[in-house]
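This report covers helix packing, burial and internal cavities. The sequence and the structure come first.

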Amino acid sequence: MLYVSTRGHPDRKHFCEILLEGLAPDGGLYLPERYPQVDAATLAKWRGLPYADLAFEILSLYIDDIPAEDLRAICRKTYTAEVFGTREIVPLKRLEDGVFLQALSNGPTLAFKDMAMQLLGNLFEYELARRGEELNILGATSGDTGSAAKYAMRGKKGVRVFMTSPHGRMSPFQQAQMFSLQDANIHNLAIEGVFDECQDIVKAVSNDLEFKRKYRIGTVNSINWARLVAQVVYYFAGYFQATRPHPNPPPEGEGVLPQVSFAVPSGNFGNICAGHVARSMGLPIARLVAATNENDVLDEFFRTGVYRVRASKDTYETSSPSMDISKASNFERFVFDLLGRDGAKVRYLFAEELAVKGRFDLSADMGRARTDYGFTSGKSIHADRLATIRDTFERFGITIDTHTADGLKVAREQRQPGTPMIVLETALPIKFAATIVEALGHEPERPAKFAGIEALPKRVTVLPADVARVKQFIAAHCA
Ligand SMILES: *Cc1c(COP(=O)(O)O)cnc(C)c1O
């Protein structure tokens, strides 16, 4: 399998090249040149596989430059009950009839980012050792990516992490999780700005090819294809759990496989883009429901066809902060597919029209986003979040986090009778305790290993939102 840039660059690359690279040289994102197709027979074969082996089957369709036995060992080392809390790794919990929560947040940092990041840590260590190289990871986080990256990379040979985050905008629990790591290879940079400014800094540094080469800069942001493909796996795992095997499998090519829908709390469009990839491979997904918070750039797009990024000053601080994003970095991947993989057109839209006007209009293509790609959307605001958290606790005795609440609220609006709706649980409530207290009047449960982390000493450097200053810091710490 070879990978292409969404902006039409002529190079074709293998998985391990783009693993360490991040953005393509033309500023585009990598995608496989085609989506491998799975049929009913393959699905039947995969149903019932342990999660690690399912991951191997899916990843091996996309990775042709790691020997199969090594890739299988990496998957088995990554997806263990010890790290993810259960044998199923991503178990479903049933709420009301036909509505499920899929638990993706029982990894080391209690957010779904661990699902991909733990794999990435092991892939990086494997590939860097094989090449005898080092890598400096530069990332931007609004909270969960940063801690997931650090917990995945700490102790890994050949890797340093430089993680930018918006100064003072994360919950106390998130800050404690991120800044309390004392490992020498982990650097926390609190940027005086919002998340999008952090993301712009990362892009600017990555676009400086000379600097990037000299300091061996890589990324772990959700634009990294390896993260995206790791997330494809749990869509399959969720599908298998929500549907029963056919008692009387129809002959090949006949009969209709049961369908499910997924509701995905969305910010950078990484999680739901993995759903788009799973659906494009042939997984029977009826609807992919993008749920946003008050920062509704994606909901606006799927309702109107107009993609209108917001300025930093128009990005709200909300009680689902990991979705406080007004420019969805993975969105370009979907647009590439929606426009028939026309790289020149994607480059024009993102590098020119968006840069100049701050918006582009695809309303003529929106019908197909729904009919051919299954996308719908909705929005959830603070009051909805509180009501959904309260209602779920009262009816089912389950406490959900604020992002999952956004997903569940929108899922209920978008349900179709007869089609199971799986809501991706993207974090555990303890990460956003203040809002849980506001909704329920009591603290959420805290896993024992996180007792008292807010009081631990913090290791962090505050910097202005200035590309040059961040480059300076990296250069000084890459000795
Ligand atoms: C990152 C994150 C999201 C948004 O996921 P995207 O891939 O950026 O769309 C939602 N909820 C939580 C808890 C997150 O950490």
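In this predicted model, helix 17 (residues 382-396) and helix 18 (residues 402-414) pack at an angle of about 85°, and their axes are 9 Å apart. Angles of 65 to 115 degrees count as roughly perpendicular, and helix 17 and helix 18 are therefore roughly perpendicular to each other. On the side of helix 17, the contact is made by Asp-384, Arg-385, Thr-388, Ile-389, Asp-391, Thr-392, Arg-395 and Phe-396. Helix 18 meets them with Thr-402, Ala-405, Asp-406, Leu-408, Lys-409 and Arg-412. By class, the residues of this contact between helix 17 and helix 18 are four nonpolar, three polar and seven charged.

Helix 14 (residues 331-338) is mostly covered, with eight of its eight residues buried. Nonpolar side chains are among them, including Phe-331, Phe-334, Val-335, Phe-336 and Leu-338. Glu-332, Arg-333 and Asp-337, which count as charged, are also buried in helix 14. After helix 14 comes Gly-340, with a positive phi near 65°.

The next topic is enclosed space. Rolling a probe the size of a water molecule over the atoms shows where empty space is left. In this model there are two cavities of 30 Å³ or more. The table sets out their volumes and the classes of their lining residues.

| Cavity | Volume | Nonpolar lining residues | Polar lining residues | Charged lining residues |
|---|---|---|---|---|
| Largest cavity | about 300 Å³ | eight | 16 | three |
| Second largest cavity | about 80 Å³ | three | seven | one |

The lining of the largest cavity consists of 27 residues. Those that lie nearest its centre are Phe-112, Lys-113, Thr-145, Asn-268 and Ser-322. Four helices each supply at least two residues of this lining: helix 7 (144-153), helix 9 (195-207), helix 11 (225-242) and helix 12 (270-280). Which helix gives the largest share of the lining of the largest cavity? That share, three residues, comes from helix 12.

Around the second largest cavity, the lining is formed by Leu-23, Gln-199, Val-202, Lys-203, Ser-206, Thr-219, Asn-221, Ser-222, Ile-223, Asn-268 and Ser-329. Asn-268 lines the second largest cavity and is also one of the residues nearest the centre of the largest cavity. Lys-203, which counts as charged, is part of the lining of the second largest cavity.

How values were computed. Residues numbered from 1 in each chain as written. Predicted model: local features only at pLDDT ≥ 70, side-chain atom pairs only at ≥ 80, totals over all residues. Heavy atoms only, no water. 1 Å grid on protein atoms, 1.4 Å probe; cavity = no way out; pocket = protein on both sides within 12 Å on 5 of 7 lines; lining within 4 Å. Points joined across faces, edges and corners; volume = space filled by probe spheres on them. Axes fitted to C-alpha atoms, helices over the stretch in contact; angles between N-to-C directions. Parallel < 35°, antiparallel > 145°, perpendicular 65-115°, else oblique. Contact = heavy atoms within 4.5 Å. Buried < 20%, exposed > 50% of the residue type's maximum accessible area, 1.4 Å probe, protein only.
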